[in-house]
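These are my notes on the model, set out as numbered points. Please read them alongside the coordinates.

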Amino acid sequence: MKVTVKDVANASAVLAGRAGIGREIASPRMSTPDLSSPDSWPDIASSIVHLPPSQLAYLASIARAERVQVVRAILKRKPAGIVVSGGRIAAELLYQAESAKLALFRSRSLQKLARILAERLTPRVSLHGVLVQIFGLGTLIIGESAIGKSEAALDLVLRGHKLVADDVVILEKNDGGITGHATDLGADLLQIRGLGIIDIKALYGESATAGACRIGLVVELEEWKKGQHYSLVGLRERRYKLFAVNLPYLKLPVKTGRNIATLIEVAARNQMLKKRGVYTARELHRRLNKRLSG
């Protein structure tokens with residue numbers, strides 16, 4: 001969805017550069033650069049730059065020639081627009097914004113502006129699955145309907161872990177990772193065939209649920225297929241791609257007698273070990289090669 005400055009700025013609040021209100025905004029986050037340290041500025045191209053009163057005060061305090069230089073440095077990075085929330089605006093900033101046809105506008109509610117940007121620009125998709133926070137690790141459980149995802153999630157909740165979402169998981173990309181949460185209507189609810197819809201928070205308390213979490217592992221459940229090869233060592237690290245982010249991925253075959261909740265819990269623990277640099281399968285492989293070569 002294309003979002004322009006005109007979509008987020010009240011026309012009456014544009015102070016300069018009205019000709020630039022058609023510029024497209026590409027980033028869901030506002031940037032607040034430290035004007036005193038240009039080398040530390042984040043990438044502000046096609047994003048909304050917020051200059052709070054403290055930064056406007058700094059701009060007004062420096063010499064005019066330096067002030068013009070700082071303003072031009074901002075404009076050179078091609079932001080979509082500049083928003084202020086108070087303070088005195090330097091004439092040089094107004095003049096340069098008008099000349100560059102870059103919208104400079106005032107906002108009475110930065111929180112509302114940030115929410116609009118996030119809602120319209122954050123990459124978002126819904127996925128059929130269950131999201132559980134296991135030892136703090138967001139674990140997305142996927143698989144065909146009736147494979148046992150919700151039942152495994154209920155078992156994990158009984159072990160002290162937190163339900164985040166069931167059936168429909170909303171996934172969003174932010175800060176280079178993927179965050180998941182439930183729909184408004186589905187928060188705290190779990191659907192179990194034969195039992196119906198149950199309220200996890202009402203049954204087990206607030207500690208049994210979480211509003212959202214960052215996904216650190218994807219586990220896919222599938223029916224055990226006779227003749228299918230399933231890894232017994234786990235040397236190969238597999239990935240599940242979402243929004244161009246490669247997430248650790250594991251496929252678990254479902255078969256009578258296998259405790260799926262236990263396996264998912266162990267998989268989460270094992271992934272946490274890997275994040276600390278402990279790869280059991282690789283270490284065994286290394287020791288085996290050493291013995292064979294010795």
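1. In this predicted model, helix α2 meets helix α3 through Tyr58, Leu59 and Ala60 on the α2 side. The α3 side of that contact consists of Glu66, Arg67, Val70 and Val71. Sorted by class, the contact of α2 with α3 holds 5 nonpolar residues, 2 charged ones and no polar ones.

2. The geometry of this pair is as follows. Helix α2 covers residues 53-61 and helix α3 residues 64-76. Their axes come within 8 Å and cross at roughly 135 degrees. An angle over 145 degrees would count as roughly antiparallel, and α2 and α3 are therefore oblique to each other.

3. Helix α3 also packs against α4, at an angle of about 35 degrees and with the axes 10 Å apart. The crossing of α3 past α4 is right-handed. From α3, the contact takes Arg64, Arg67, Val68, Val71, Arg72 and Leu75; from α4, it takes Glu92, Leu93, Gln96, Ala97 and Ala100. The classes in the contact of α3 with α4 are 6 nonpolar, 4 charged and 1 polar. Arg67 and Val71 belong to this contact and also to the one with α2.

4. Helix α4, residues 91-100, lies across four strands: β2, β4, β5 (81-84) and β6. Relative to β2, helix α4 runs at about 90 degrees. These strands make up an open sheet in the order β2-β6-β5-β4, and the pairing is mixed. The edges are β2 (14-16) and β4 (48-51), each of which pairs on one side only. Ignoring direction, neighbouring strands of the sheet are turned by 30 degrees against each other on average.

5. How do β2 and β6 run relative to each other, parallel or antiparallel? They run antiparallel, and 2 bridges join β2 to β6 (residues 104-106). Ala16 has Leu104 in β6 as its bridge partner. In general, strands of a sheet pair through backbone hydrogen bonds, in either a parallel or an antiparallel sense.

6. A further strand pair is formed by β11 (residues 189-192) and β12 (residues 196-199), antiparallel over 4 bridges. One of the partnerships is that of Gln191 with Ile197 in β12. The two strands, β11 and β12, form a hairpin with 3 residues between them. Within the turn, Gly194 has a positive phi of about 100 degrees.

7. Helix α6 (residues 149-158) and helix α8 (residues 260-275) have axes that come within 8 Å and cross at roughly 65 degrees. That makes α6 roughly perpendicular to α8, since the range for that class is 65 to 115 degrees. The crossing of α6 past α8 is right-handed. Residues Ala152, Asp155 and Leu156 of α6 meet Ile260, Ala261, Ile264 and Glu265 of α8. This contact of α6 with α8 has 5 nonpolar and 2 charged residues, with no polar ones.

8. Over the whole structure, a search finds 11 salt bridges. One of them joins Glu265 to Arg159, with the closest N and O atoms 3.2 Å apart. Because Glu265 lies in helix α8 and Arg159 in the loop between α6 and β9 (162-174), the pair ties together parts that are 106 residues apart in sequence. Glu265 is thus in a salt bridge and also among the residues of α8 that meet α6.

Note on methods: Residues numbered from 1 in each chain as written. Predicted model: local features only at pLDDT ≥ 70, side-chain atom pairs only at ≥ 80, totals over all residues. Heavy atoms only, no water. Pairing = 2+ DSSP bridges. Axes fitted to C-alpha atoms, helices over the stretch in contact; angles between N-to-C directions. Contact = heavy atoms within 4.5 Å. Parallel < 35°, antiparallel > 145°, perpendicular 65-115°, else oblique. Left-handed = near helix turned anticlockwise from the far one by under 90°. Nonpolar A, V, L, I, M, F, W, Y, C, P; charged D, E, K, R; others polar. Salt bridge = Lys/Arg side-chain N within 4 Å of Asp/Glu carboxyl O.
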